[in-house]
Amino acid sequence: MATSSLYLSSSPHIRAEQDSAQIMRAVIYALLPACAVSVYFFGPPALMVLIVATAGCVSCEWLCQRAMGRPSTVADGSAALTGILLALNLPPHSPWWLALIGAAVAIGIGKQVYGGLGGNPFNPALVARVVLLISFPVQMTTWHGPAPLLSGVDAVTTATPLGEMKTAVMLTGQLPPDLQGRFGDYFLGHMAGSLGEVSAAALLLGALYLFWKNILTWHIPVSYLGTVILVAGLFWWIDPTRYPNPLFHLLTGGLMLGALYMATDMVTSPVTGRGMLIFGVGCGLLTVLIRLFGGYPEGVSFAILLMNAATPLIDRFSKPKKFGYVAPG
Amino acid sequence: MKLKTFPGGLHPPDNKQWSAHKPIETCALPEELTIQLAQHIGAPAEACVQKGERVKRGQVVGQAKGFVSVPVHASSSGEVVAVEPRPHPSGRRLPAVVIRPDGEDAWIEDLTAADPHSLAPDALRERIRAAGVVGLGGATFPTHVKLSPPEGKKIDTLIVNGVECEPYLSADHRLMLEEPERVLDGIAILQRALGVARALIGIEANKPDAIALMRKICAGSAIEVVPLQVKYPQGAEKQLILALTGREVPSGGLPMDVGVVVQNVGTAAAVADAVRRGQPLIERIATVAGPGIKEPKNLRVRVGTPLAHLVTCCGGLSGEPAKIIMGGPMMGAAQLGLDVPVTRGTSGLLLFREQDLPLRLESPCIRCGRCVRVCPARIVPTAIAACGRRDLIEEAADLGAMDCIECGCCTYTCPAAIPLVQAIRQAKGAILAQRRKI
C-alpha cells in the first residue's frame, strides 16, 4: 500500500462549502441593486464615486500589504466590499478626491493598521465616512436631488429629508408640513441622500438574498430596526408635530443601509445571538437619539461606530449558557 | 409535527444514499486476523495466548485488566502466528494477537446458552463483560461498567441510540432494518440489567423505514420509538439525552447523573448474543463508503480483519486514496494505511481521494459567529481556539474548553478554514497535562 501520500489531519474531514471570499462576494452581489438604483437616480457622478472608492480601497489594500511585506489578500473581496460600502455612504456628487481620501482612510487607518481582515474594531467604511464628514463638512453635506437617467431633469442642490426635518425643527420647533407624505418616493429612493441611503427597496432585496444564503442572521436588522420603530414611535406619540413617525425614520437617511449592511459587518459586531440583539438595540437607540436631539441630522454612522467600540464588552457578557451548567432534573 | 432535537448542530450532506439501501453482506475471512488488545476505553487486555498456540473462534486471547476493561477474543479458529505490536487505529503500533485462520471457523465448545429472564442483573452484567461487549457507536466504553451505576445513582431511563448522525454511515440503519428482533431482545436484557421500565429508541427522521419497523415490533411494549430531527451531532450522548428527556448532563458529569444510560443499537444486539448464547463480541457491522471505493457496502466483519480486506470485499479502490478514515467523516480518525485492523469500535471505513478533500488555506477569523451558533456544547469555539493557540491555557479552561465534545461542527462550518476543534483539542490536552502536574 502506498502510504506516503496520505493525509493524516484530524477530524472533521469534510467542510461546509462557503468560505470567507464567497461571503464577501455574496455581500457585493447583494449591494448591486442599490448601486444600480443610485446610478439611475444620480447618474454618472454616482458611478464615478462607486468606481473611485472601490478601486481606491483595493489599491490601498494592495499597497499597504506590499509595503508591509505581507501576502496580498485583495482576492478575498473584502477591500472591494469596503469600497462599495464607502461609496454608498458618500454624497453622489462627491469630488473624486474625496472618495479617494475616504478609500485611503478606510483601508489604511480603518483596517490595515489593525492587521487586516478580522482585526479591525470599527467598520472601516464608517471610519472613513466620519473622518470625511468632520474634515470636509461642506463636500460631505452638499446633497443633490435625484435626476433620473434620461429624464432630462437637472440635479439641483437640496436637503435630505432628515436635513429638512432638523432645520425646520430647529427654526420653528415643528416638522415641515409635507415631509411625511412622500413614503412611496422614500421607499424607492426618489430623494436626496448618500448613494446607498436612497432606496430601501433595493437594500431589502439584497438583504433577502443574504438571508437566503445564510450570511445575514435576523438578529441585528430586527433588533436595530425594531428599536428605532419603538423609540421613534414613543416620541411621535408624545408630539407628532415635532417628531416624525417611525416609518419616516425607517425609510430616510442611512438606516436601512446601516441596519442591513453596516451594523451587520461580521468583524465589528458581536458573535453571539444575544450579543447581536444587544448590539442592535444599542444602535437603534443611539440612532434615534442623535437624529432627534444631536447636532447632526443623521446618526446611523455614529451609532454603529459607538456600538462597535462596545462589541468586545458585549461579547464578554453575552456568552451563551454552556451545556451542563443547569441544575439537573 | 415538530421533531425533538437539541440547540445547535448542523446538517452536512449525509451521503447515505450510497450504502443505506444495501443489505448487510458478510465479509469473507481474511488470511490474517490482527486482534488488538486495546479495543476499548480503559485498561487494555493482556495477552493470554502464545505464538504457535491453536485457538478456537470465541476463545479469550486477551484477559481484562481491572474493572474498566474487557477481555478480547479470537474472531475465528486458527493458529496464533504472532503476539507483538501491530498497527492500531490510533496510529501507534500496539500489542496484538495475530491469528492465521484455519478455515474451519470452529466455535469454542464451552459457550453456554442462557435464558436472560431467569438471570439476576449481576449474572447478566457478568455475561456481558465476559463477552467483551463495549459501546459500538464508536466510543467503545465497556458496557458492563455503564450497567453498574454506583449506589445512590437511580437510573430511570434507558436510551437506545439508533440516530447514526455521521454522514456516509448506514450500519446501524441496516441493523435495525434487518435484525430488529436482536436489537429488541438486547434492549429487554439491558432494561432487566438496569431495572428500568422506560426505554426510548432515538432514530433520526431520515430513516423512516427503520422508525416504522422498530415501532411495529415495539408495539405493546414499554419501549418508545422517537423520531429525531436530522441534525449532527444528534447521536452524541449528551445531546441525545437532552433531545429525548429534556435533561442536561452536568458539565463533567455522566448520563447516570441524570438517571439515564445510553446504549447504541449495535451494542444492544451484541448484548443479546452475549446473554442468550454466550457469544463474545467478535464481529460487527461496518459501512465501507466514500468516493474512493468502487462499491460502497454494509459489511458484517470479523474483528481483526485488515482494512485492505474490506476494500477488496467492496470491489477495490476507485482512484488513489488520499485519506483513509475509520469511522465517520465528522469524528472518525485518519489512518496511516490499510494494514490497520477492524476493532470493536470500527463503525465504518471511508476512502477519500485528493479531489474529495477540502484542502483550503486558513484565513483570519472574520467573527461571523457560525461556530458559536452550531456549537452543541454552547461554548465560543473561536475564543477558546484563539486562547489555545496562544498557550493561554487557564483562559481556555475558563471559557469551557473541557466542555467541548469534539463533534467538529465549528471546524466544519468555519468559512475561514480555521482548525477550531483541533485547537480546542490541543487546549484540552494542555489543561489535562497541567492538572496532572498540580
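**View 1. The loop around B:Asp391 joins two helices of chain B.** B:Asp391 sits between helix H10 (381-389) and helix H11 (393-398) of chain B; helices (H or I, at least four residues) and strands (E, at least two) are DSSP runs, numbered from the N terminus. The phi of B:Asp391 is positive, about 60 degrees, although B:Asp391 is not a glycine. With 11 other C-beta atoms within 10 Å, B:Asp391 is exposed. A residue is exposed if 12 or fewer other C-beta atoms lie within 10 Å of its own, buried if 20 or more do, and partly exposed in between, with C-beta atoms placed from the backbone.

This is a predicted model, in which local features need pLDDT of at least 70, side-chain atom pairs count only at pLDDT 80 or more, and totals for chains, interfaces and linings use all residues. Residues are numbered from 1 along each chain as its sequence is written, and chains are lettered from A and ligands numbered from 1 in the order in which they are written.

**View 2. B:Tyr168 lies in the loop between S9 and helix H3 (171-178) of chain B.** Phi of B:Tyr168 is near 75 degrees, a positive value in a residue other than glycine. B:Tyr168 counts as buried, having 30 C-beta neighbours inside 10 Å. Most residues other than glycine have a negative phi, and most peptide bonds are trans.

**View 3. Two peptide bonds are shown, each ending in a proline.** The bond joining A:Ser11 and A:Pro12 is cis, with omega about 0 degrees, and A:Pro12 belongs to the segment before H1 of chain A. The bond from B:Tyr232 to B:Pro233 is also cis, with omega near -10 degrees; B:Pro233 is in the loop between S11 and helix H6 (237-245) of chain B.

**View 4. An open sheet in chain B has four strands in the order S11-S10-S9-S12, with parallel pairing.** Two strands pair if DSSP finds at least two bridges between them. Strand S11 (223-228) and S12 of chain B are at the edges with a single partner strand each, so one side of each has no neighbour in the sheet. The twist averages 25 degrees from one strand to the next. Six bridges link strand S10 (residues 198-204) of chain B with S11(B), and B:Glu204 stands opposite B:Leu228 in S11(B). Helix H4 (residues 180-194) of chain B packs on the sheet and touches S9, S10, S11 and S12 of chain B.

**View 5. Strand S12 (residues 260-264) of chain B is largely enclosed by the rest of the structure, because five of its five residues are buried.** B:Val260, B:Val262 and B:Asn264 are buried on one side, B:Val261 and B:Gln263 on the other. Strand S9 (residues 157-161) of chain B is joined to S12(B) by five bridges, with B:Thr157 opposite B:Val260.

**View 6. The two domains of chain A, domain 1 (20-140) and domain 2 (159-317), meet in a contact.** Domain bounds come from an automatic or database domain assignment. The C-alpha centres of these domains are 21 Å apart. The contact takes 30 residues from domain 1 of chain A and 28 residues from domain 2 of chain A; two residues are in contact if their C-beta atoms, placed from the backbone, lie within 7 Å. H1(A) gives the most to the domain 1 side, with 12 residues.

Terms used:
Axes fitted to C-alpha atoms, helices over the stretch in contact; angles between N-to-C directions.
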